[in-house]
Amino acid sequence: TGAIPHALRNVPSVEVDVQGNVSLRGDPSVTIMIDGKPSSLFQGDNKGQALQSLPADSIERVEVITNPSAEFRADGTAGVINLISKKAKGVGRTGSVRLTAGDGDRYAASANLGYNANKLTVSSDLSIRQDAQKSRSFDDRLQTDPVSGARTAIDQDQVTYILANSANARVSVDYDLTPRTRIGAEAHGNYTFFRVDAPSRFTSDDFTGGPSDAFTRQLSVHQKRAAAEASINLRQKIGAEGDFTASLSHEAIVDPRIRAGHTFDQVPLAADAFDEQRLDNHLHNTELKGDYTQPMADMSKLKIGFDVEHLDNAYRNRGFAGPALGALAPDPTLTNLFLFRRTISAAYVTYEKPIGDLTIQAGLRVEDVRQDIDQATLGQSVQNDYLR
C-alpha cells in the first residue's frame, strides 16, 4: 500500500532512508531504471522525492544488478536497480482502486485499468499521495582551546516540517502486428509539490559563560516539479530465438523552487535580514536505444546494442537580499545562469557462457561523449569531448 521505497526496504542489500534515498550495499551511487531505461527523475538531490511519489503497486518486480555488464553506463558504481512496471493481465478489462490513510495527515490513492485482447494490450494507472513529516535535531558542542584551556559552547536547535504532494499518471499500449512483431507506445507524467519549513535557533557562549552570538533563523523552501516522458518501441523476433528491441523516448522536466530565509540577530543586536533564492531548472533528454540478443546452442548468449542520448540542461539561479520582504534587492553573488549540453553515443557487445556452476561474462563498451558547458553569467564556455 506504500510507495516503492517501502518495498525496496525488503530487498536484500538495498537500504532506504526516511527521505527515500536509496543505497546499495552502503553505496548511494545507484542507477535507478524503469523498464530498463534510466530516468532523470531519479538523479540529483530530488531522486528521493521522486521515488516517494511512485506507488509500489505499479511495480511488478525489482531487479538488482550488483555487477552491471557493458550494456550499462558506468554512472552507478554501486549497481543498478531496475523497476519493472506492471502490464495488463488476464482477458478483457481489469482494474483496481486502492486507498491508504495514516496519521500525521498522510494518505495515498491509486487506480489502474487494463485491457488485454489477442493482439492489443493497454495498461494505465493514476495515483496521488500526500506525505507529511516532522523532525527535530539538536547539535550541542563544547570546544576547548588547547593553549589557554578556555571553553566555548555552541548549541543549535532545529525543527523541520516537510509536506510533499504528488500525482502520477501512466498509460502504455502494445500491439502485435504479427506473431513476431510488436509495436508499442508509453507516456507518463509526474507532478510534485514540496514544502519545507525549518525554524532554528543558534547560540554560542564564550569562556565566561555569557552569550557571544545568538540568532534565530526561519527557512522555507517551496518547490513545484513537473515531468513528462513519451516513448515508442519495437520488438522483432529474428530467426529461431533472436530478439531485437528498439525504443525512442523524450523526457522534459521543469523544476522551479523558491528558498526564503529570515534571520533575527539577538547577540549582538542587529536589524533583521531577509534573503531569497529563485531557482528555475529545465531539462530535456532524448534517447534512441537498440538491443539484439542471440542465444546459442551451448547455452551461451551474445548481446549487441547501441545507445544515443542527448541531454540539454539549463540552471537559472537568482538571489535577493534586503532588510525587509518589500525591499529585496538582487544579490549578484547568488545569481547565475548555467547551461549544460551532452551527447553520448555508445555501442556495446557482451558474451555470456555458463561453465558448470559458474557463469562467465565478457563485454566491451565504447562511448563517444560531447559536452558543452556554458557559464553564461561569467561569459565562460568549455568543451569536454572524449572517446573511451
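Arg170 and Glu186 are both buried, and they make a good starting point for a tour of this predicted model. The two residues form a salt bridge, with their closest N and O atoms 4.0 Å apart. This pair joins distant parts of the chain: Arg170 belongs to strand β10 (residues 151–178) and Glu186 to strand β11 (residues 181–205), 16 residues apart. Asp125 joins in too, since Asp125, Arg170 and Glu186 are linked in a network of salt bridges.

**More salt bridges**

Side chains of opposite charge can pair when their charged atoms come close. The structure holds 21 salt bridges, and the table lists some of them.

| Salt bridge | N to O distance | Burial |
|---|---|---|
| Arg170 and Glu186 | 4.0 Å | both buried |
| Arg278 and Glu276 | 3.0 Å | Arg278 partly exposed (31%), Glu276 buried (13%) |
| Lys289 and Asp291 | 2.8 Å | both buried |

The pair of Arg278 and Glu276 is worth a second look. Glu276 counts as buried because its relative accessible area is 13%, while Arg278 counts as partly exposed because its value is 31%.

**A hairpin to find by eye**

Next, follow the chain through strand β7 (residues 92–102) and strand β8 (residues 106–116), which pair in the antiparallel sense over 11 bridges. One place to see the pairing is Gly95, whose bridge partner in β8 is Leu113. Three residues lie between the strands of this hairpin, and Gly104 takes a positive phi near 70 degrees there.

**On the surface**

Which residues make the nonpolar surface patch of about 390 Å²? The patch is formed by Ile232, Leu248, Leu288, Phe306 and Val308. Leu248 sits in strand β13 (residues 242–267). With a relative accessible area of 39%, Leu248 is partly exposed, so it passes the cut-off of over 30% that patch residues need.

**Around Val382**

A last stop is Val382, found in strand β19 (residues 380–387). Is Val382 buried or partly exposed? Val382 counts as partly exposed because its relative accessibility is 48%, and buried would mean under 20%. Leaving aside residues up to four places away in sequence, Val382 touches Gln371, Asp372 and Ile373. Of these contacts, Asp372 lies 10 residues from Val382 in sequence, and the C-alpha atoms of Asp372 and Val382 are 6.1 Å apart in space.

Terms used. Residues numbered from 1 in each chain as written. Predicted model: local features only at pLDDT ≥ 70, side-chain atom pairs only at ≥ 80, totals over all residues. Heavy atoms only, no water. Patch = residues over 30% accessible without salt bridge, like charges linked within 9 Å, V, L, I, M, F, W, Y side chains within 5 Å. Areas by Shrake-Rupley, 256 points an atom, 1.4 Å probe, with all protein chains shown as cover. Salt bridge = Lys/Arg side-chain N within 4 Å of Asp/Glu carboxyl O. Helix = DSSP H or I, 4+ residues; strand = E, 2+ residues; numbered from the N terminus. Buried < 20%, exposed > 50% of the residue type's maximum accessible area, 1.4 Å probe, protein only. Contact = heavy atoms within 4.5 Å. Pairing = 2+ DSSP bridges.
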